[in-house]
Amino acid sequence: MRRGGHVLAGHCLTTWFCSCGPLSCLCTPWGASSERCLQGPLPSSWEEVPPGEQHLCGGRGNPVWLQPHSGLLRDDHAGTAAHGHQCGYQCVSMNIQPMYLGESAPKEQRGTVAMTSAIFTALGIVMGQVVGLRELLGGPQAWPLLLASCLVPGVLQLASLPLLPESPRYLLIDRGDSATCLAALQRLRGTTEVMVELAELEEERTACQGGRARRPWELFQDGALRRQVISLVVLGSAMELCGNDSIYAYASSVFLEAGIPQEKVQYAIVGTGCCELLTAFISCVVIERVGRRVLLMGGYCLMTCWGSVFTVALCLQSSFPWMPYLAMSCIFAFILSFGIGPAGVTGILATELFDQKARPAAYMVCGAIMWTMLFLVGLGFPFLMEGLSHFLYVPFLGVCVCGAIYTAFFLPETKGKTFLEISEELHRLNFPGQSQGPAWKGPEVIRSTEL
């Protein structure tokens, strides 16, 4: 395959990289809960890129080594393949972590606690961009150290994870171990006054009695999970198809057009990661005040706005000398908007919309969908660039509009509600003709004295 007269040598490996995620989600039901700390393929053929044109253009998806003046995307073969396999297992851990945090947190702080996963994901992006600077580990001789540096957070995770208690909901509902559940709950809360929360868990346990753990394909067959599955598919797909990963890949050339010197572009790329980290932290602070729906709608609406301005700036960048600066500003604004809502809120939807028996399967489906969509973006983005030119972001804008509309009209608010209350509301939405959901009404009182 060729684009602009140059062979896209790493295109197939990019596809391989993206395909490892959904395969791992479907085949691996467990994993560690380590965060993504480093990103980017490693340049085994660094000497092929002319000096002064070597820089890392990375983001949430597949970072690539870019030679800007040739238009050739240079994927390192071994680095991309290894990184793809790593991300395949990583996607399992990134699903387990928000599920564990959401199950273990009190309802008043569930969103804040679960959103910390997005903060550390964004922090991992920034760390990867910083250590990938040429002055640190981004040089041609230091990339083995860059590869080995991921051992540090891995060892820290392996040393600290055994010290954490198991999820109280898992202990009580799935394993039926009340004593261990009480001990874990007291340890997590730091107090012995947990009887009110334990009573809520008992109600949830009673509502789930008689059920078994769902398999991923069973979610699509159950009418009681129709709204939840549709929300998971629509919003999970929108997160990957909204254009954020692509705008990272486009950022380098826009910065060059704006007049940023070649050797300074790498620092501007670090600034994009810092933008997402900042908004992830802000969203973590305000999510329990404004709710999930407001953050999602606001994020997608702002992304639609800034993406439209970005498209106009690309079309007019040769007509006005200040248009490249506007395009550069739109990149930062687009990433800021993405971090406000879709980057973090989407990851906790599977925790709040599904009950204990369906939640693990929901995260497997969510992870598979997200990586499949990332696969499609990585596969189709070069063709979008060739076919649509300056209008390549129009399809992504359509996805942002659809995400905002679905959130506004079809996604229920889960702020401050117990899992049982959320299940009751979703039951009413799935079966409008029924007034009562699967709520527990307490023990049955037998008034007869007949034996």
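Mentor: Let's start with a word we'll need: buried means under 20% relative accessible area. Keep in mind that this is a predicted model.

Trainee: Okay, why is Tyr393 called buried?

Mentor: Its relative accessible area is 1%. The cut-off is under 20%, so Tyr393 counts as buried.

Trainee: And what makes Phe310 and Tyr393 an edge-to-face pair?

Mentor: Among the five aromatic pairs here, this one has its centres 5.4 Å apart, with 85 degrees between the planes. Rings pair if their centres lie within 6.5 Å, and planes over 60 degrees apart are edge-to-face, so Phe310 and Tyr393 fit on both counts.

Trainee: What does that pair tie together?

Mentor: Phe310 lies in helix α12 and Tyr393 in the loop between α15 and α16, so the pair links parts that are 83 residues apart in sequence. Phe310 is buried too, with a relative accessible area of 1%.

Trainee: How do you know which kind of pair Phe334 and Tyr393 form?

Mentor: Their planes are 70 degrees apart, and over 60 is edge-to-face, so that's the name for this pair as well. Phe334 sits in helix α13, so here the parts tied together are 59 residues apart in sequence. Phe310, Phe334, Tyr393 and Phe396 form one aromatic cluster.

Trainee: Now Val312, in helix α12: why is it called partly exposed?

Mentor: Its relative accessible area is 45%. Buried is under 20% and exposed is over 50%, so Val312 falls in between. Val312 also helps make a nonpolar surface patch of about 480 Å², along with Leu316, Phe320, Trp322 and Tyr325.

Definitions and conventions: Residues are numbered from 1 along each chain as its sequence is written. This is a predicted model: local features need pLDDT of at least 70, side-chain atom pairs count only at pLDDT 80 or more; totals for chains, interfaces and linings use all residues. Side-chain values use heavy atoms; hydrogens and water are left out. Patches are made of residues with over 30% relative accessible area and no salt bridge: like charges are joined within 9 Å, nonpolar side chains (Val, Leu, Ile, Met, Phe, Trp, Tyr) within 5 Å. Accessible areas come from the Shrake-Rupley method with a 1.4 Å probe; for residues, only the protein chains shown count as cover. A salt bridge is a side-chain nitrogen of Lys or Arg within 4 Å of a carboxyl oxygen of Asp or Glu. Buried means under 20% relative accessible area, exposed over 50%, partly exposed in between (1.4 Å probe, protein chains only). Rings of Phe, Tyr and Trp (its six-membered ring) pair if their centres lie within 6.5 Å; planes under 30 degrees apart count as stacked, over 60 as edge-to-face and the rest as tilted. Helices (H or I, at least four residues) and strands (E, at least two) are DSSP runs, numbered from the N terminus.
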